[in-house]
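The exercises below ask the reader to work from the coordinates toward a picture of how one chain is put together. Each task is followed by a solution that proceeds step by step.

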Amino acid sequence: MREDLAKLEQVTKEIRLLGRYHIDTESGLFLFREKRKQEIEQLSEKRSSLKRTLPTKVGKERIEELRGEITRLTGEIRKMRKEVVLCDGIAERSGIIREKLQAVQRERQEGKEGKAHEHKRRSGRADGADEPKRG
């Protein structure tokens with residue numbers, strides 16, 4: 001039951017992400033994911049730059065300001081990474097769903113074809129044997 005609740009929570013987060021950013025297509029999802037990855041890279045570079053600035057001789061006020069900015073960037077990066085993971089989950093789940101839908105469609109199609117053949121077999125007209133001879 002705990003696993004089911006965890007899966008439900010994960011799906012809920014994924015749905016919220018899709019709704020929050022108005023993502024309604026697979027291509028939109030992948031564009032959003034790539035954009036987030038680029039933003040993560042940019043913020044990480046900025047954070048690294050700030051970390052390199054810290055050891056230099058700057059005033060105590062400036063050090064606290066830099067640390068605050070580093071903490072803020074770390075929070076943003078963490079949030080964006082979680083969104084990328086959610087995108088991966090959505091993509092994986094949509095692939096599974098797509099496969100299941102295709103399997104159901106194949107089964108329905110096979111069922112329709114099977115019923116058509118069964119009808120012909122039962123009526124005895126599958127090979128034309130019951131048709132009256134003309135001529």
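**Exercise 1.** Establish how many salt bridges there are, and trace the one formed by Arg20.

*Solution.* The count comes to 11 salt bridges, in a model that is predicted. Taking Arg20 first, its salt-bridge partner is Glu83, and the closest N and O atoms of the two are 3.9 Å apart, which falls inside the cut-off of 4 Å. Arg20 belongs to helix H1 and Glu83 to helix H3, so this pair ties together parts that are 63 residues apart in sequence. The next step is to compare the surroundings of the two ends: Arg20 is partly exposed, at a relative accessible area of 48%, whereas Glu83 is buried, at 4%. Finally, the pair can be placed in a wider setting, since Arg20, Arg36, Glu39 and Glu83 are linked in a network of salt bridges.

**Exercise 2.** Decide which of the salt bridges of Arg33 and Arg62 links distant parts of the chain, and which stays within one helix.

*Solution.* Arg33 forms a salt bridge with Asp88, with the closest N and O atoms 2.5 Å apart. This pair links distant parts of the chain, because Arg33 is in helix H2 and Asp88 in helix H3, 55 residues apart. With a relative accessible area of 17%, Arg33 is buried, while Asp88, at 33%, is partly exposed. Turning to Arg62, its salt bridge is with Glu65, and here the closest N and O atoms are 2.9 Å apart. Both residues lie in helix H3, and being three residues apart they are separated by about one helical turn. Arg62 itself is partly exposed, with a relative accessible area of 36%.

**Exercise 3.** Describe the largest nonpolar core and identify which helix gives the most to it.

*Solution.* Begin with the fold, which has three helices and zero strands and reads α-α-α along the sequence. The largest nonpolar core has nine residues, namely Ile40, Leu43, Leu50, Leu66, Ile70, Leu73, Ile77, Met80 and Val84. H2 and H3 each supply at least two of these residues, and H3 gives the most, with six. As a local check on one member, Leu66 is in contact with Leu50, Thr53 and Leu54, leaving aside neighbours within four places in sequence. A second, separate core has seven residues, including Leu17, Leu29, Leu86 and Cys87.

**Exercise 4.** Determine whether Glu14, Ser44 and Leu8 are buried or exposed.

*Solution.* Glu14, found in helix H1, has a relative accessible area of 4% and is therefore buried; beyond residues up to four places away in sequence, it touches Leu86, Gly89, Ile90 and Arg93. Ser44, in helix H2, also counts as buried, at 17% relative accessibility, and, with neighbours within four places left aside, is in contact with Ile77 and Arg81. Leu8 in helix H1 is exposed, at 52%, and together with Met1 and Leu5 it forms a nonpolar patch on the surface, with about 390 Å² of accessible area.

**Exercise 5.** State how much confidence the prediction carries, and where in the chain confidence is lowest and highest.

*Solution.* The mean pLDDT of the chain is 83, and 81% of its residues reach 70 or more. Confidence is lowest in helix H3, at a mean of 82, and highest in H2, at 93. Where pLDDT is low, the predicted coordinates should not be read in detail.

Key. Residues numbered from 1 in each chain as written. Predicted model: local features only at pLDDT ≥ 70, side-chain atom pairs only at ≥ 80, totals over all residues. Heavy atoms only, no water. Patch = residues over 30% accessible without salt bridge, like charges linked within 9 Å, V, L, I, M, F, W, Y side chains within 5 Å. Areas by Shrake-Rupley, 256 points an atom, 1.4 Å probe, with all protein chains shown as cover. Salt bridge = Lys/Arg side-chain N within 4 Å of Asp/Glu carboxyl O. Helix = DSSP H or I, 4+ residues; strand = E, 2+ residues; numbered from the N terminus. Buried < 20%, exposed > 50% of the residue type's maximum accessible area, 1.4 Å probe, protein only. Contact = heavy atoms within 4.5 Å. pLDDT = per-residue confidence, 0-100. Core = buried A, V, L, I, M, F, W, Y, C linked by side-chain atoms within 4.5 Å.
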